[in-house]
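Biologist: Thanks for sitting down with me. Could you take me through this model and give me the reasoning behind each label?

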Amino acid sequence: MKMFKIIAITATLLAGASAASASPYNVMGGVESLSAIQEATTANVQKLGGGQALSLRGDNDVASVQANIKNNKWLVESIERQGYSVDQIVGVSGEQNSLTLYAL
């Protein structure tokens with residue numbers, strides 16, 4: 001029984017450590033976010049700090065994100081209403097109805 005507890009605790013700690021080391025903005029693994037850009041009519045824009053932006057740039061294909069946004073006039077208008085430009089957007093997460101764009 002003691003060995004089972006040790007294994008369970010170790011597995012829990014390893015899972016927590018890998019989740020903590022993962023970037024919270026790593027969205028390129030989820031193609032749903034990129035396709036959601038094409039379908040969305042609005043999005044929430046969140047401003048990032050320097051460290052967050054560097055992490056995001058490493059995890060995302062910024063050019064693809066911006067190109068997809070530029071092809072959606074409704075999303076461009078939504079971004080501009082919030083005081084940002086498409087060139088400031090460096091990442092995306094979420095789905096069509098709950099899309100978040102990350103800006104510098």
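Biologist: Let's begin with the overall make-up: how many helices and strands does the protein chain have?

Modeller: This is a predicted model, so please read everything I say with that in mind. The protein chain has five helices and three strands. Following the sequence, their pattern is α-α-β-α-α-α-β-β. Of its 104 residues, 36% count as buried.

Biologist: What makes S93 buried, and where is S93 found?

Modeller: S93 is found in strand β2. Its relative accessible area is 15%, and buried means under 20%, so S93 is buried.

Biologist: Why is β2 described as largely enclosed?

Modeller: Five of the five residues of β2 are buried, so the rest of the structure largely encloses this strand.

Biologist: And why do D87 and K70 get different labels, exposed for one and partly exposed for the other?

Modeller: D87 has 53% relative accessibility, and exposed means over 50%, so D87 counts as exposed. K70 has 49%, which lies between the 20% and 50% limits, so K70 counts as partly exposed. Q46, found in strand β1, has 34% relative accessibility and therefore also counts as partly exposed.

Biologist: How do you know that D87 and K70 form a salt bridge?

Modeller: Their closest N and O atoms are 3.6 Å apart, and the limit is 4 Å, so the pair qualifies as a salt bridge. The structure holds one salt bridge. In general, side chains of opposite charge can pair when their charged atoms come close.

Biologist: Which parts of the chain does this pair link?

Modeller: The pair links distant parts: D87 sits in the loop between α5 and β2, while K70 belongs to helix α4, 17 residues apart.

Biologist: What makes the link between the side chains of S93 and Y102 a polar contact?

Modeller: The two side chains are joined at 2.8 Å, and the cut-off is 3.5 Å, so the label polar contact applies.

Biologist: Now the sheet. How do you know that β2 and β3 pair?

Modeller: Four bridges join β2 to β3, and at least two are needed, so the strands pair. β2 and β3 run antiparallel. Along them, S93 has T100 as its bridge partner, V92 stands opposite L101, and G91 stands opposite Y102. The hairpin of β2 and β3 has six residues between the strands, and there G94 takes a positive phi near 100°.

Biologist: Why is the pairing in this sheet called mixed?

Modeller: Four bridges also join β1 to β3, and those two strands run parallel, whereas β2 and β3 run antiparallel. N44 stands opposite T100 in β3. The sheet is open, and the order of its three strands is β1-β3-β2.

Biologist: What makes β1 and β2 edge strands?

Modeller: β1 (44–47) and β2 each have a single partner strand, so one side of each is left without a neighbour in the sheet. Neighbouring strands are turned by 30° against each other on average, direction ignored. α4 packs on the sheet and touches β2 and β3, its direction making about 80° with that of β2.

Biologist: Which way do the residues of β3 point?

Modeller: T100 and Y102 point one way from β3, L101 and A103 point the other way, and all are buried.

Biologist: What makes up the largest nonpolar core?

Modeller: That core has 18 residues, and those with the most contacts inside it are I37, I69, L75, I79, I89, L99 and L101. At least two residues each come from α2 (31–39), α4 (62–70), α5 (73–81), β2 (89–93) and β3 (100–103). In soluble globular proteins, nonpolar side chains tend to be buried together.

Biologist: Which residues are in contact with L75, leaving aside its neighbours within four places in sequence?

Modeller: L75 is in contact with I37, A40, T41, T42, A43, I69, L99 and L101.

Biologist: One last point: what share of contacts in the protein chain join residues at least 24 apart?

Modeller: Among contacts between residues at least 6 apart in sequence, the share is 69%. As for Q46 and Q82, they are 36 residues apart along the chain, with their C-alpha atoms separated by 9.7 Å.

Key. Residues are numbered from 1 along each chain as its sequence is written. This is a predicted model: local features need pLDDT of at least 70, side-chain atom pairs count only at pLDDT 80 or more; totals for chains, interfaces and linings use all residues. Side-chain values use heavy atoms; hydrogens and water are left out. A nonpolar core is a set of buried Ala, Val, Leu, Ile, Met, Phe, Trp, Tyr and Cys residues joined through side-chain atoms within 4.5 Å. Buried means under 20% relative accessible area, exposed over 50%, partly exposed in between (1.4 Å probe, protein chains only). Contact means heavy atoms within 4.5 Å. Axes are lines fitted to C-alpha atoms, for helices over the stretch in contact, and angles run from 0 to 180 degrees between N-to-C directions. A salt bridge is a side-chain nitrogen of Lys or Arg within 4 Å of a carboxyl oxygen of Asp or Glu. A polar contact is a pair of N or O atoms within 3.5 Å; within protein, one must be able to donate a hydrogen and the other to accept it, and residues adjacent in sequence count only if both atoms are side-chain atoms.
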